[in-house]
Amino acid sequence: MEGDDVDLFKLPIPMSSIYDGGPMITAGVVIAKDPEFGINSGVYRMIVKEKALTGIDIVTPNNMRLFAQRAFERKEPLPISISIGVHPFEFAGGGLPRAAWRRRDGNCRRASRRGRCSLRPAPPSTCPTSPTAEIVLEAEILPTGWTWPEGRFGEFTRLMGGLHWNPLVRIKAVAMRKDAVYYNLHMPWENTWLAAPTRYTAIRQALKTANVQVTGLNVTLGGCAFWHAVVQIRRARPATARTRCWRRCR
């Protein structure tokens with residue numbers, strides 16, 4: 001579907017909560033390209049407003065917001081692609097904070113048993129897309145600024161989120177596989193399962209930097225995979241601690 005034929009209402013985009021502001025695309029890996037910073041990806045919810053118009057929740061500081069802000073200052077739309085129904089490694093990689101896609105892509109290739117998870121351009125878009133996607137939307141973030149209501153939405157925190165002010169997104173084309181499967185991220189539990197591995201990586205790296213040896217780690221459901229973890233560490237040998245103290249005292 002391209003141009004006037006684009007109709008998001010033909011896709012089975014659901015509402016996750018009876019209090020949601022409308023149907024939401026919740027599992028689209030959004031990929032954008034900035035002239036200076038290169039390629040970035042992330043997962044952002046997108047409320048369907050019209051058959052070819054959505055919002056995008058980039059009200060909080062993130063790289064996609066930075067890209068959109070830079071395009072807004074140039075008074076230009078920001079071309080993006082939205083890949084729905086991708087390989088789980090690619091989806092989890094989209095949730096890694098402040099990491100370049102190129103690095104995530106390398107991790108994905110090493111982790112996947114079925115081969116590469118590399119990106120490819122989807123004509124006529126200049127933005128890369130996931131080759132594993134069931135559905136790909138070619139779109140652009142319009143230079144409207146953070147002026148349009150987006151939400152409300154039942155968040156992964158198990159609380160109802162408020163109304164946000166965000167840019168608009170125009171959907172220019174839709175491509176899909178034959179008998180494509182539409183994937184929707186279910187809130188709140190499924191989000192936790194997918195976010196937890198990225199938290200494990202971040203926590204282990206932080207503790208390694210602090211020279212703490214981790215023997216066990218559990219990111220709990222109670223903390224929604226973001227705010228609470230149980231960490232088991234290797235106890236430092238008393239002799240080592242006394243030696244360090246003695247050296248400092250001298």
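# Exercises on cores, rings and one helix

Phe 37 is partly exposed, with a relative accessible area of 46%. The model used here is predicted.

## Exercise 1: Aromatic pairs

Find how many aromatic pairs there are, and classify the pair of Phe 37 and Phe 67.

- Step 1. Count the pairs. There are 3 aromatic pairs.
- Step 2. Look at the rings of Phe 37 and Phe 67. Their centres are 6.4 Å apart and their planes meet at 20°. Planes under 30 degrees apart count as stacked, so this pair is stacked.
- Step 3. Place the partners. Phe 37 is in the loop between S2 and S3, while Phe 67 belongs to helix H1. The pair therefore ties together parts 30 residues apart in sequence.
- Step 4. Check burial. Phe 67 has 3% relative accessibility. Buried means under 20%, so Phe 67 counts as buried.

## Exercise 2: A second pair

Classify the aromatic pair of Phe 72 and Trp 146, and say where each residue lies.

- Step 1. Read the geometry. The distance is 6.5 Å centre to centre, with 90° between the planes. The pair is edge-to-face.
- Step 2. Place the partners. Phe 72 is in helix H1. Trp 146 is in the loop between S9 and strand S10 (148-150). The two are 74 residues apart, so the pair links distant parts of the chain.
- Step 3. Compare each value with the cut-offs. Phe 72, at 32%, is partly exposed. Trp 146, at 19% relative accessibility, counts as buried.
- Step 4. Look for a charge. Arg 65 lies over the face of Trp 146, at 4.5 Å from the ring centre.

## Exercise 3: The buried face of H1

Work out which residues of H1 are buried and how they are arranged around the helix axis.

- Step 1. List them. They are Met 64, Phe 67, Ala 68 and Ala 71.
- Step 2. Look down the axis. The buried residues of H1 fall within an arc of 95°, so they line one face of the helix.
- Step 3. Recall the helix rule. An α-helix has 3.6 residues a turn, so residues three or four places apart point the same way.
- Step 4. Find the packing partners. The buried residues of H1 pack against S2, strand S3 (38-43), S6 and S9.
- Step 5. Inspect the ends. At the start of H1, a side-chain oxygen of Asn 62 comes within 3.1 Å of the backbone nitrogen of Met 64. Just after H1, Lys 75 has a positive phi of about 60°. Lys 75 is exposed, at 71%.

## Exercise 4: The cores

Identify the largest nonpolar core and the elements that build it.

- Step 1. Size the core. It holds 30 residues. Leu 78, Ile 80, Ile 82, Leu 137 and Ile 171 have the most contacts inside it.
- Step 2. Name the contributors. Two or more residues each come from strand S2 (28-34), strand S4 (46-50), helix H1 (63-73), strand S6 (78-84), strand S9 (135-141) and strand S12 (168-176).
- Step 3. Find the other core. Apart from the largest core lies another, of 14 residues. Among them are Val 29, Phe 153, Phe 156 and Leu 185.

## Exercise 5: Backbone oddities

Locate the cis peptide bond, and the positive phi of Asn 211.

- Step 1. The cis bond joins Gly 151 and Arg 152, with omega about 0°. Arg 152 lies in the loop between S10 and strand S11 (164-166).
- Step 2. Asn 211 has phi near 65°. Asn 211 sits in the loop between helix H4 (189-209) and strand S13 (214-219).
- Step 3. Its relative accessible area is 61%. Exposed means over 50%, so Asn 211 is exposed.

Terms used: Residues are numbered from 1 along each chain as its sequence is written. This is a predicted model: local features need pLDDT of at least 70, side-chain atom pairs count only at pLDDT 80 or more; totals for chains, interfaces and linings use all residues. Side-chain values use heavy atoms; hydrogens and water are left out. A nonpolar core is a set of buried Ala, Val, Leu, Ile, Met, Phe, Trp, Tyr and Cys residues joined through side-chain atoms within 4.5 Å. Buried means under 20% relative accessible area, exposed over 50%, partly exposed in between (1.4 Å probe, protein chains only). Helices (H or I, at least four residues) and strands (E, at least two) are DSSP runs, numbered from the N terminus. The arc is that of the directions from the helix axis to the C-beta atoms. Contact means heavy atoms within 4.5 Å. A polar contact is a pair of N or O atoms within 3.5 Å; within protein, one must be able to donate a hydrogen and the other to accept it, and residues adjacent in sequence count only if both atoms are side-chain atoms. Rings of Phe, Tyr and Trp (its six-membered ring) pair if their centres lie within 6.5 Å; planes under 30 degrees apart count as stacked, over 60 as edge-to-face and the rest as tilted. A charge sits over a ring if NZ of Lys or CZ of Arg is within 6 Å of the ring centre and within 35 degrees of the ring normal.
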